[in-house]
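Q: I'm new to this structure and would love a close look at just one part of it. Could you pick a strand from the middle of things and walk me through its surroundings?

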Amino acid sequence: MAEPAPTNFANRDGLIWFDGALVPWSEAKVHVLTHSLHYGVAVFEGVRGYKTPNGPMIFRLADHTRRLFDSAHILQIEIPYTTEELNRAQCEVFKANNLEEGYLRPIAFFGSEAMGLRAEGLSVHVSIAAWEWPDYMSPEARERGITMRTSSYTRHHVNITMCKSKAAGNYINSILALREAVDSGCDEALMLDNEGYVAEGTGENVFVIAGGVVHTPELTSCLDGITRRTVIALIEELDLPFVERRITRDEVYIADEVFVTGTAAEVLPVCQLDGRTIGEGKRGPITEEVQSMYFDQVRGLRGNAHPEWHTAV
């Protein structure tokens with residue numbers, strides 16, 4: 001299943017933080033000659049806030065903001081705010097929209113002062129929107145699992161685009177791959193790198209479980225997912241053997257369990273790849289345990305575990 005379709009994103013109630021101030025949702029506009037609209041040079045994050053016993057909390061806010069600045073540095077975008085200012089702004093816009101749970105989308109992009117590939121003399125703008133977004137896939141997918149197909153589109157090579165930057169233009173690759181998968185009747189695409197090894201999904205990192213050992217691809221052409229980091233920490237708490245290495249597509253076919261992770265997707269089991277059933281064809285026991293720990297963590301139900309991951313709104 002694709003992303004849920006909201007009622008026209010350009011015309012909603014609420015407020016958006018735009019260049020330092022909260023503005024009405026429908027007034028957060030840019031010119032059609034905005035440089036980043038034409039050339040894709042923008043960086044963004046996807047951040048979630050959850051309802052917890054102690055009120056709404058944004059999960060791993062500092063990590064997401066740090067990655068936003070890292071992405072901008074890679075693309076030579078000088079964000080005109082500090083990390084502390086953008087952390088406060090994300091809390092502010094989440095609260096201003098009266099959200100108990102929701103999704104935050106900060107983005108930094110070039111303005112409309114000039115066109116052309118030199119990208120010189122351009123202002124940098126930052127906006128942050130927040131809205132309700134309960135599930136990336138259907139709620140049933142958390143137990144049933146999703147189906148994937150190996151994409152005909154290769155994941156970015158490390159010397160073609162900057163894979164460690166969460167750049168807007170990089171996601172053309174993901175959109176093409178996901179459309180291909182959905183058109184074939186699957187929920188998601190599995191992307192291979194230029195050497196044919198498993199890279200990631202179109203917006204998720206991949207974990208493969210075989211013989212009680214959890215495997216995940218090395219961070220060569222993959223984004224360093226913050227949910228990936230969270231899940232690795234949880235796997236270590238479970239004292240499960242864990243390996244980062246190259247993984248082949250046929251290893252996924254014969255795995256005991258497979259799951260994917262991402263801020264939007266959270267933790268989702270994979271039940272099928274390329275028409276091959278994976279394991280029992282549903283969520284496996286290790287996936288279920290990791291998934292349960294993850295949801296308890298983000299909703300503040302694990303006591304004092306990792307308080308540094310939670311920011312009160």
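A: Here is a quick tour of the whole chain, followed by a close look at strand 14 and its neighbours.

First, some ground rules: this is a predicted model, where local features need pLDDT of at least 70 and side-chain atom pairs count only at pLDDT 80 or more, while totals for chains, interfaces and linings use all residues. Residues are numbered from 1 along each chain as its sequence is written, and side-chain values use heavy atoms, with hydrogens and water left out.

The protein chain has eight helices and 17 strands; these are DSSP runs numbered from the N terminus, with helices being H or I of at least four residues and strands being E of at least two. Its radius of gyration is 19 Å, close to the 20 Å from the globule rule for 313 residues, so the chain is as compact as a globular protein of that length. That radius is taken over C-alpha atoms, and the rule is 2.2 Å times the number of residues to the power 0.38. Of the 313 residues, 49% are buried, meaning under 20% relative accessible area (exposed is over 50%, partly exposed in between, with a 1.4 Å probe and protein chains only). Contacts here mean heavy atoms within 4.5 Å, and among those with a separation of 6 or more, 70% link residues 24 or more positions apart.

Now for strand 14, which covers residues 257-262: six of its six residues are buried, so the strand is largely enclosed by the rest of the structure. In a regular strand, side chains alternate between the two faces of the sheet. Here Glu257, Phe259 and Thr261 sit on one side and Val258, Val260 and Gly262 on the other, and all of them are buried.

Who are the neighbours? Strands count as paired if DSSP finds at least two bridges between them. Strand 11 (residues 205-210) pairs with strand 14 in the antiparallel sense over five bridges, and Val208 stands opposite Val258 there. Strand 15 (residues 266-273) is also antiparallel to strand 14, with four bridges. In that pairing Thr261 faces Val267, and a hairpin of three residues joins the two strands.

A helix residue comes into the picture too. Thr227, in helix 6 (residues 226-237), is buried, with a relative accessible area of 5%. Leaving aside neighbours within four places in sequence, Thr227 is in contact with Thr261 and Gly262 from the strand, plus Thr263, Glu266 and Tyr294.

Carry on into strand 15 and you find seven of its eight residues buried. Strand 8 (residues 146-150) pairs with strand 15 in the parallel sense over three bridges, with Thr147 opposite Gln272. Strand 15 also has two bridges to strand 16 (residues 276-277), running antiparallel, where Leu273 partners Arg276. The hairpin of strand 15 and strand 16 has two residues between the strands, and Asp274 takes a positive phi near 55° in this hairpin.
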